[in-house]
Amino acid sequence: MATLPTPLERGPLMPGGARLWVKRDDLTGLGMGGNKARKLEFLCGAAQAAGARSLVTVGAAQSNHCRMTAAAGAVLGLEVHLVLSGERTDTPVGNQLLSSLFGAQLHFTGAGESAWGELEIACEALTEELLDAGAAPFTMPIGGSTPVGAAGYAVAFDELMDQCRRQELEPDAVVHASSSGGTHAGLVAGRALARAEARQVPEVLAIGVAKGVNLGLPDIVGLAGDTLELIGQSRTLVGDDDACIDAGWIGEDYAIPTDAGDAAIRWAARHGGWVLDRVYSGKGMAGLLGNAAAGRWPEGSDVVFIHTGGLPAVFAPGGVPATALA
């Protein structure tokens, strides 16, 4: 379902003198693109293998994962149910508009954006209803962050390293935004596999944009280990030092914009024509630029930022900071 490989674009120098490269996983194609397409390739394969007739997942009001699950259901001819935070509005916008366009049924819980436990409970209850109705549901957690979903980013790490080799590029780091942890765990697993083959590997740095991942939930090393076992490798290939999370860029809470994130959105738009959202990629870019300015990577080095998408959210109310506009 995903359009792969996604481009690896050369960007400008960052503060401190490191060269930016952007891995365009916002261009994965499915349902307007984003990192979740890589997870859904595997998750929907598991759903089909289980004989599912419907897909069920959960997320915040403007969830990219939910929007792309809706698109996946449309491609595969499966009914889709989305459990969302907040209240139903008269006119859907952003990801909700697209999810509805793709034919998904949206179930609003009234829960807050960061009330993930409440959302998961509501998702479980809906799954039971669908089971009783004979809808054969296949349920995915927030972000599709399971070993099956994370396998998509173990493969993505190898894709990225192959692109770097072709451009004679040896990046010091791969940086990305992390919330539910599946993308991070997959990259850690892919890096461990490459390291086991005696290949030179970059640091993988996650910029935490949710309180859970910043506090160690989920256990990234554990999820990476489960992913390795799933694909027939030893979980001992990863250790505690492999999960590197910078928790300094979340601000007040998940989905609450920050000044640094808004400045990064403006910087990315003006320096590379990249569109970032205020929940994920904007805060991820803020962490990247902040670490670069602090001298984490030497002048002349190369750093890759994985652009995980989020374009539709910029068309929701408050989706773009006023300070970013000309």
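# Exercises on charges, patches and backbone

R165 has a relative accessible area of 44%, which makes this residue partly exposed. We will return to R165 in the first exercise. Please keep in mind that the model is predicted.

## Exercise 1: A pair within one helix

Find the salt-bridge partner of R165 and say where both residues lie.

*Solution.*
- Step 1: Look for the acid whose oxygen comes within reach of R165. The partner is D162, and the closest N and O atoms of the pair are 3.7 Å apart.
- Step 2: Check this against the cut-off. A salt bridge needs the nitrogen and the oxygen within 4 Å, so the distance of 3.7 Å qualifies.
- Step 3: Place the pair. Both residues belong to helix 5, and they stand three residues apart, about one turn of the helix.
- Step 4: Judge the partner's exposure. D162 has 28% relative accessibility, so D162 counts as partly exposed.
- Step 5: Look for linked bridges elsewhere. K23, D25, R38 and E159 are joined into one network by salt bridges that share partners.

In total, the structure holds 16 salt bridges.

## Exercise 2: A pair between two helices

Which parts of the chain does the salt bridge between E159 and R38 link?

*Solution.*
- Step 1: Start with the contact. The side chains of E159 and R38 form a salt bridge, with 2.7 Å from N to O.
- Step 2: Place each partner. E159 sits in helix 5 (residues 147-166) and R38 in helix 1 (residues 36-49), so-called distant parts of the chain, 121 residues apart.
- Step 3: Ask about exposure. E159 and R38 are both buried.

For another buried pair, look at R24 and D26. Their side chains meet in a salt bridge at 2.8 Å, N to O.

## Exercise 3: Follow D25

Decide whether D25 is buried or exposed, and find its polar contact with a side chain.

*Solution.*
- Step 1: Locate D25, which is in the loop between strand 2 (19-23) and helix 1.
- Step 2: Read its accessibility. The relative accessible area of D25 is 1%, and buried means under 20%, so D25 is buried.
- Step 3: Find the contact. The side chain of D25 makes a polar contact of 2.5 Å with the side chain of Y153.

## Exercise 4: Two more buried residues

State how accessible H307 and I220 are, and give a distance for each.

*Solution.*
- Step 1: Find H307 in the segment after strand 10 (302-306). H307 is buried, at 1% relative accessibility.
- Step 2: Look at its side chain. A polar atom there lies 3.1 Å from the backbone nitrogen of G309.
- Step 3: Turn to I220, which lies in helix 8 (residues 220-230). At 4% relative accessibility, I220 is buried.
- Step 4: Compare chain and space. I220 and T183 are 37 residues apart along the chain, while their C-alpha atoms are separated by 9.7 Å.

## Exercise 5: Two patches on the surface

Which residues make up the negative patch, and which the nonpolar patch?

*Solution.*
- Step 1: Collect the negative charges. E124, E128, E129 and D132 gather in a patch on the surface.
- Step 2: Examine one member. E128 is in helix 4 (residues 116-132) and is partly exposed, with 47% relative accessible area.
- Step 3: Collect the nonpolar side chains. M32, V275, L311 and F315 form the nonpolar surface patch, and together they have about 370 Å² of accessible area.
- Step 4: Examine one member here too. M32 lies in the loop between strand 2 and helix 1 and, at 42% relative accessibility, counts as partly exposed.

## Exercise 6: Unusual backbone angles

Find cis peptide bonds before P5 and P218, and positive phi angles at A136 and A198.

*Solution.*
- Step 1: Recall the usual pattern. Most residues other than glycine have a negative phi, and most peptide bonds are trans.
- Step 2: Check the prolines. A cis peptide bond joins L4 and P5, with omega about -5°; P5 lies in the segment before strand 1 (8-13). Another cis bond joins L217 and P218, with omega about 5°; P218 is in the loop between helix 7 (211-214) and helix 8.
- Step 3: Check A136. Its phi is positive, about 45°, and A136 is in the loop between helix 4 and strand 6 (137-139). A136 is partly exposed, at 23% relative accessibility.
- Step 4: Check A198. Its phi is positive as well, about 65°, and A198 sits in the loop between helix 6 (182-196) and strand 8 (203-208). With a relative accessible area of 72%, A198 is exposed.

Methods. Residues are numbered from 1 along each chain as its sequence is written. This is a predicted model: local features need pLDDT of at least 70, side-chain atom pairs count only at pLDDT 80 or more; totals for chains, interfaces and linings use all residues. Side-chain values use heavy atoms; hydrogens and water are left out. Buried means under 20% relative accessible area, exposed over 50%, partly exposed in between (1.4 Å probe, protein chains only). Helices (H or I, at least four residues) and strands (E, at least two) are DSSP runs, numbered from the N terminus. Patches are made of residues with over 30% relative accessible area and no salt bridge: like charges are joined within 9 Å, nonpolar side chains (Val, Leu, Ile, Met, Phe, Trp, Tyr) within 5 Å. Accessible areas come from the Shrake-Rupley method with a 1.4 Å probe; for residues, only the protein chains shown count as cover. Lys and Arg count as positive and Asp and Glu as negative; His and the chain ends are not counted. The place of a charge is taken as NZ of Lys, CZ of Arg, CG of Asp or CD of Glu. A polar contact is a pair of N or O atoms within 3.5 Å; within protein, one must be able to donate a hydrogen and the other to accept it, and residues adjacent in sequence count only if both atoms are side-chain atoms.
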